[in-house]
Structure formats: C-alpha cells, structure tokens
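Okay, thanks for squeezing me in before coffee. Have a look at the screen and I'll walk you through what I've been staring at this week.

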Amino acid sequence: MPVYSKMNRVILGAGACAAGHAFVSPFMHSSLQVQQASDPVEYKPPSSASGISIAATSVGMVALATRLAFRGARPRSSQKAQMQAETQAFDGWSHCRQHKTELLETVKALTMPGKGILAMDESSGTCGLRLQSVGVENTEENRQKWRQTLLGTKDLGKHCGGAILFTETLYQKTTDGKLMVDLAKENGIIPGIKVDTGLVALVGGKEGENWCRGLDDLKERTTDFYVTGARFAKWRTTVRVKDHSALAVSEAAHGLAQYASICQSSGLVPIIEPEILLDGEHSIDECAETFEEVWSAVFKACADFGVQLEAVLLKPSMVTHGAQSGQSVDPTTVASYTLRALNRVVPPAVPGIMFLSGGQSEIEATLNLNAMNQKPNPWHISFSYARALQNTTLKTYAGKDENIVAAQAKLLARAMANSKAQLGKYDPATADEDATAAEGMYVKGYTY
Ligand code: 13P
C-alpha cells in the first residue's frame, strides 16, 4: 500500500472516532478525496491505528494520534537519502555529470533563434577536390588560407553559432600565427570537430554498403579535442534507401549511439548524423520509410547507451526523391514529408535538428529549410550545411588573396539567407541570389 494512502486511513480512523464521525479536518478532507479517487475500497482501520482510535476520546488525543500517524508515515532520513540517490541514478546524466551544465550551454548557444552551423570538416582529400575545382592546388597552406577565410568572416557568428572543423584545422594556426580555434571563438563561433574516421565496406552487409570507423580510441581523442577547444562533435554514417540490409541499419545506429555517449562523457555535444543517401532511383515515399526505420533504430540505440537527448543535435538529410529518379519535388512537399517523419520518430527532448545539404543547390537548401519553418516545431530546425554554404564563396575566392573580402561577403550573405530561413522568413523574390547559388552540387557516392 502506498505510504500516502496508509497515512490517510490512519488519520481518518483517529478523527472519526474522536468526533463521533463528525470531525473532518481540511487535510483529512482532501486526503480522503485522494484515497477515494485512487483506491475506492471500504475503510478498514489498520491494526496499528485501531488501538489509537479506541483511546482517542478528546480533541487533544486526536492531535496526538494525528502526530503519531504522521511520524509513522514520514520517510526516515535513510529513506530520503535512498530516494534522492534513486532520482539521481535515473536523471540520465551519470555518464557526463561533470559536463552537464556546459553541454546544455553549448546546445543552447547552437540553437539560438536564427542560428545554424557552418560545416567545414571535409577531409584533406575532399577539401582538396573542392579547391582543385577552382584551380587551387591541394596543399596544407592552401587549405589553411581557405579555412581562415571562412572562420574569419566578420559577423559570421551572428548566423552560425558553430563550425565543424576537420582535425587539421582544430590544431592549425592562421597565417598570422593565431590558433584557428581562437579565431572562431573571437568571431562568436563555437568550434566543433568531426570525429568519425570514415566509411569502410560493411562485411556481412549487402554489396556496396558501408559502416563507419572511429570508436576504438574515441574516448582518448575526444578528451584531447575538448582540451584543444572543441565543444561539439560530428559523426556521419550512411544508409542507402533501396536494398539496404538490416545489418547496415543496426550498425549505423549502434555506432552513432556509442559515439554520442562517449562524446557526452568528454564534454562534447554529439551531432548524430545518419545520412540517408540521395543516390538512387527511389521515390520520396521510399525515402521517408527508410528515414523512419533508421532514425527509430538510432533512438533505440541511444536509449540503450544512455545518451542524454537534451544534449544532442541531429543532422538528418531531408526526405526527398532519389537523385536518379527523374522526379522533382517542391520545398513544401520536402518540408511536409520531412516534418512528418521527424514528428513520428524524434522525441521532443532533442533540442535541435540541423540539416545537411546533401548536394542540393544553395538556394534549394535555403528554400527547403524555410518551408520547414513556416509553423512552430518541437525542435529548433536549422542548417549545418557544407556545400550549400560554401559554393558561391569558394567560386568567388578562387584562391586569390584579392578576392578574400568579396568571398567573405558571399559567405555572410548565404549564412544570413539561411538564418532567415531558420526563422521562416527567407523571401527568394528579394534575395538577389548569385547564379552559382542555383548550381546543384550532387556527386554520386560523395565522401567526406
Ligand atoms: P553537405 O551539406 O555538403 O551535405 O555536408 C554535410 C556534412 O555532413 C558536413 O559536415
């Protein structure tokens, strides 16, 4: 019997006996109602109370009986301590308690209204391909110049609360000898870090499927990344829509959940990114089905690993048709499919959903985000784009020092457009977009 209910019965017994069934204190009245509502059984005085009832023939005795009854029901200090310990054990923060406050602060800063994330965490190989596309050789020095151009864009922090860096950049200095991390922080940008070490063939999966490496030494690496200044992290794995194996889904979910829990224990907010690949001939409905299957598995795994959802960010792809399907859909359709899927599988405890662009043009990615923010959502819905933030900026920069100021103006304009889209206020009619912003950037089998 619950303590509360037992206590009510004892008081009722004492009071009824003393006042000839006429005395009911205000407390007794309300507690009686509680008992009637929750436990509608006929009153039988418990044996410990019945002796008190018989002896209680005056109001003073009633008071004594009441006090005794309370004393019996009140949890002792050891019980209290146990209850507190149980509450703490179930609050979910035990694996990262010393970082709790900071994790929540980081999440809050990254999900302020109008804010998103600049993804600039391409591996040296992929960054090199992007640079080579504008005639710039892939050297460490050229990657350094390009990345300090991005991070040094004045006022970028007003629209991008964070930037995801590649390891090289996290430990790198600018050409003036300043740490890139400090350049970001001075500009109001929280440094984040890509921590997966890339995709490899999934043995036991279907032909062409991958899994993501990087868990073995993740605790040591994330501890070091935290000391270096990173406060959030990213892990990207992929699942294709058609013909994926159950193993690919469960492996993706397992890796993401274990990564997320390790990151939280090291003080880094994990961005969870299972990318549902755009590659293929699938319809938007098939994409939605895979999206829900994968994300459900991810949250189940997160629960298994004790990931604290208040301190994660998600990075999904948008629900859309396959790149080789020959179909095209408008932003309203992308938004309604994507939001339906998110609402079905993502708990509202998650603070933010920061989309990847997946090869969409800059304008397309902004329009889709804008469409998703036309009415309130349970989460902050925003951007964590790489290609769809960098394309026009890169083309404007083209590796020339004299273009840096113009390139930074392009980045700021793109970030501002996405910031408006986060607030649902992007207006393409007045946006004055460059021709390059309409260029699709889809590459089959794109790797980071
Ligand atoms: P894109 O926006 O180019 O798809 O990049 C996604 C990503 O995961 C970068 O961190």
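Let's start with one pair of residues: Ile193 stands opposite Ala233 in β6. Keep in mind as we go that this is a predicted model.

So, zooming out a bit. Strand β3, which covers residues 190–194, pairs with β6 in the parallel sense, over 3 bridges. And those two strands belong to something bigger: a closed barrel of 8 strands, with parallel pairing, running β1-β2-β3-β6-β7-β8-β9-β10. Packed on that sheet you've got helix α12, residues 246–265, which touches both β6 and β7, the latter being 269–276. The direction of α12 makes about 175 degrees with that of β6.

Next up, the greasy part. The largest nonpolar core has 105 residues, and the ones touching the most other members are Ala163, Leu256 and Val298. Helix α13, residues 284–304, gives this core its largest share, 11 residues.

Let me stay with Ala163 for a second. If you ignore neighbours within four places in sequence, its contacts are Ile117, Leu118, Met120, Leu151, Ala184, Ile189, Pro191 and Gly192.

And finally, the ligand. Which residues come nearest to it? Out of 13 around the ligand, that's Ala119, Leu356, Ser357, Ala386 and Arg387. By type, the shell splits into 6 nonpolar, 2 polar and 5 charged residues. Here β6 turns up again: β6 (232–239) and α16 (387–397) each supply at least two residues of that shell.

That's my bit, happy to rotate the view if anyone wants another look.

Key: Residues numbered from 1 in each chain as written. Predicted model: local features only at pLDDT ≥ 70, side-chain atom pairs only at ≥ 80, totals over all residues. Core = buried A, V, L, I, M, F, W, Y, C linked by C-beta atoms within 7 Å. Buried ≥ 20, exposed ≤ 12 C-beta atoms within 10 Å, placed from the backbone. Helix = DSSP H or I, 4+ residues; strand = E, 2+ residues; numbered from the N terminus. Contact = placed C-beta atoms within 7 Å. Near = placed C-beta within 6 Å. Nonpolar A, V, L, I, M, F, W, Y, C, P; charged D, E, K, R; others polar. Pairing = 2+ DSSP bridges. Axes fitted to C-alpha atoms, helices over the stretch in contact; angles between N-to-C directions.
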